[in-house]
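Here's a walk through a two-chain model, starting with a single residue and working out to the interface and the salt bridges. Keep the structure open while you read.

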Protein chains: 2
Amino acid sequence: MEFDPDLEIRPASGSRVTTFTRGEDLFHAGEAGLAWRIRSGVVRLDRLGETGREFGGLALAGDVLGAETLLLGQYSFSARALTDVFIEPWASSPEAATPHMLLQALSSSKERQADSLALRSGTPEHRISQLLAVMGRGLAHGQRIARVVLPQLRDIAEMTGLTVETVSRTISRLNRSGSLELGGTLRAKQVSIDLQSSLLT
Amino acid sequence: MEFDPDLEIRPASGSRVTTFTRGEDLFHAGEAGLAWRIRSGVVRLDRLGETGREFGGLALAGDVLGAETLLLGQYSFSARALTDVFIEPWASSPEAATPHMLLQALSSSKERQADSLALRSGTPEHRISQLLAVMGRGLAHGQRIARVVLPQLRDIAEMTGLTVETVSRTISRLNRSGSLELGGTLRAKQVSIDLQSSLLT
DNA sequence: CGACGAGTTGAAGGCAGTCAATGCTTGTGG
DNA sequence: CCACAAGCATTGACTGCCTTCAACTCGTCG
């Protein structure tokens with residue numbers, strides 16, 4: 001709906017791809033740089049607020065990062081990789097961006113805005129399921145079961161507006177109740193989720 | 001920063017302006033229609049979620065509404081006026097939208113995304129002050145004291161993720177403590193806020 | 001007048017936050 | 001190689017705040 005499922009596997013001609021690993025920063029607010037398009041992965045955006053960095057949005061495969069540099073000459077947000085991320089340059093100049101590209105970016109930006117807000121609605125169970133579902137959609141298109149590498153609990157807590165302790169307790173509870181399946185090492189814990197689970201309704 | 005302070009008082013040549021009053025719906029998700037630019041006022045966007053309409057974002061003076069119609073042929077969100085609102089047609093076709101216009105829309109969309117998320121962070125006092133501050137910025141540019149017509153408590157509650165009761169209690173408390181000044185009739189209650197108040201830090 | 005919607009206020013309970021202690025893993029320096 | 005520190009996650013106990021449920025007021029409109 002909001003993006004083409006094939007986008008992240010169809011290479012753009014002659015474009016160079018940059019890679020980031022989970023936890024790495026892609027760029028910081030205030031810096032100058034290019035605009036990027038996410039080939040695959042999930043990125044967290046932060047605005048420098050009064051109390052340090054505060055969550056400012058999500059970006060998934062197909063979304064555009066840092067389009068504001070074409071207008072302002074610098075990034076307005078900091079970007080951090082929640083999963084391993086592949087990005088490619090998007091448009092080097094305002095003229096290089098076609099109306100269609102821009103409209104698509106604008107449209108999916110609004111979708112992502114609603115997604116981000118949903119992370120702060122409802123019970124802790126609902127919020128975390130929502131986050132994992134969004135990340136799953138950004139990683140495994142069309143599949144029913146998605147395997148997601150958990151971000152750090154601190155990241156989850158900041159995005160959902162909960163505390164680390166509550167996040168930890170909630171994930172344990174979801175795991176015990178079978179809504180979730182934990183795997184992987186303790187450092188890079190993986191989660192299998194059912195994207196059609198009743199938790200997301 | 002994110003929009004020109006003069007935008008809403010400089011009439012575009014030959015464009016027609018449409019008016020909506022507080023509480024009115026501008027359009028609904030799924031309908032076909034134009035893309036609009038807000039001349040003045042504050043608009044709430046909603047996505048149809050599992051449990052009816054759920055808050056999906058804010059839009060202020062200078063922001064673009066319904067740009068996705070140019071791409072998808074229909075609105076993705078419903079729009080409701082939180083204050084009296086004036087809007088004008090923005091771009092009738094994808095070709096009519098210049099890269100500069102689109103980049104500006106994209107940039108402010110991201111700003112607004114962070115603003116919307118801030119409405120769901122922190123204590124009830126902080127959330128409501130944040131909302132009133134954002135609305136004040138959208139109405140009274142550059143002034144220190146802004147006079148804002150309060151949205152319905154139900155709207156405030158849904159946007160901040162609180163209950164109407166908590167919103168009512170919080171506003172009363174802010175009023176008693178002097179952070180806020182209530183005025184106007186009970187139906188269209190007005191609020192004077194100090195945009196540089198310590199509450200917003 | 002009576003019904004309805006919107007807002008206010010009170011009382012009680014639940015649930016998330018806070019504080020604290022522990023375990024696990026990784027990295028560092030003796 | 002071992003001891004130690006630091007970061008992250010987990011678990012427990014307790015407090016406090018927001019939600020929930022309820023009753024009531026006020027204003028508007030039929």
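Where is the place of A:Glu68? Look in the loop between strand E6 (64–65) and H1 of chain A. Bear in mind that this is a predicted model.

Is A:Glu68 buried or exposed? A:Glu68 has a relative accessible area of 7%, so it counts as buried. Leaving out residues up to four places away in sequence, A:Glu68 touches A:Gly73, A:Gln74, A:Tyr75, A:Ser76 and A:Phe77, plus B:Ser107 from the other chain. A:Leu34 sits 34 residues from A:Glu68 in sequence, with 9.5 Å between their C-alpha atoms.

**Where the chains meet**

That touch on B:Ser107 leads to the interface. Here 37 residues of chain A are in contact with 37 residues of chain B. The area buried between the two chains is about 3,500 Å², and carbon and sulfur atoms give 63% of that. A:Leu71, A:Leu103 and A:Leu117 supply 18% of what chain A buries against chain B, more than any other three residues.

There's polar chemistry here too: 10 residue pairs are in polar contact across the interface (both at pLDDT 80 or more). Strand E5 (52–59), helix H1 (69–72) and helix H2 (99–118) of chain A each supply at least two residues of the side that touches chain B. The largest share, 17 residues, comes from H2(A). Sorted by class, that side of chain A has 18 nonpolar, 11 polar and eight charged residues.

H2(A) itself is 20 residues in length, and its first and last C-alpha atoms are 29 Å apart, close to the 28 Å expected at 1.5 Å a residue. Of those 20 residues, 16 are buried. What about H2(B)? Its 20 residues should span 28 Å, and the end C-alpha atoms are 29 Å apart, which agrees. H2(B) is largely enclosed by the rest of the structure, because 16 of its 20 residues are buried.

Past the end of that helix, B:Gly122 lies in the loop between helix H2 (99–118) and helix H3 (124–139) of chain B. At 51% relative accessibility, B:Gly122 counts as exposed.

**Salt bridges**

How many salt bridges does the structure hold over all chains? The total is 28, and the count between chain A and chain B is four. Here are some pairs to look up:

| Salt bridge | Closest N to O |
|---|---|
| B:Glu111 and A:Arg47 | 3.1 Å |
| A:Arg37 and A:Glu88 | 2.4 Å |
| B:Arg37 and B:Glu88 | 2.4 Å |
| B:Asp115 and B:Arg112 | 2.9 Å |

In chain B, Arg37 lies in strand E3 (residues 36–40) and Glu88 in strand E8 (residues 85–89), so the pair ties together parts that are 51 residues apart in sequence. Both B:Arg37 and B:Glu88 are buried. Over in chain A, A:Arg37 counts as buried at 12% relative accessibility, and A:Glu88 counts as buried at 5%.

The B:Asp115 and B:Arg112 pair works on a local scale: being three residues apart in helix H2 of chain B, they are separated by about one helical turn. Both are buried. Finally, salt bridges that share partners join A:Asp25, A:Arg44, A:Asp46, A:Arg53, A:Arg80, A:Asp155 and A:Glu158 into one network.

Conventions: Residues are numbered from 1 along each chain as its sequence is written. Chains are lettered from A and ligands numbered from 1 in the order in which they are written. This is a predicted model: local features need pLDDT of at least 70, side-chain atom pairs count only at pLDDT 80 or more; totals for chains, interfaces and linings use all residues. Side-chain values use heavy atoms; hydrogens and water are left out. Contact means heavy atoms within 4.5 Å. Buried area is the accessible area (1.4 Å probe) that two parts lose on being put together, summed over both. A salt bridge is a side-chain nitrogen of Lys or Arg within 4 Å of a carboxyl oxygen of Asp or Glu. A polar contact is a pair of N or O atoms within 3.5 Å; within protein, one must be able to donate a hydrogen and the other to accept it, and residues adjacent in sequence count only if both atoms are side-chain atoms. Helices (H or I, at least four residues) and strands (E, at least two) are DSSP runs, numbered from the N terminus. Ala, Val, Leu, Ile, Met, Phe, Trp, Tyr, Cys and Pro count as nonpolar, Asp, Glu, Lys and Arg as charged, and the others, Gly among them, as polar. The expected span of a helix is 1.5 Å times one less than its number of residues. Buried means under 20% relative accessible area, exposed over 50%, partly exposed in between (1.4 Å probe, protein chains only).
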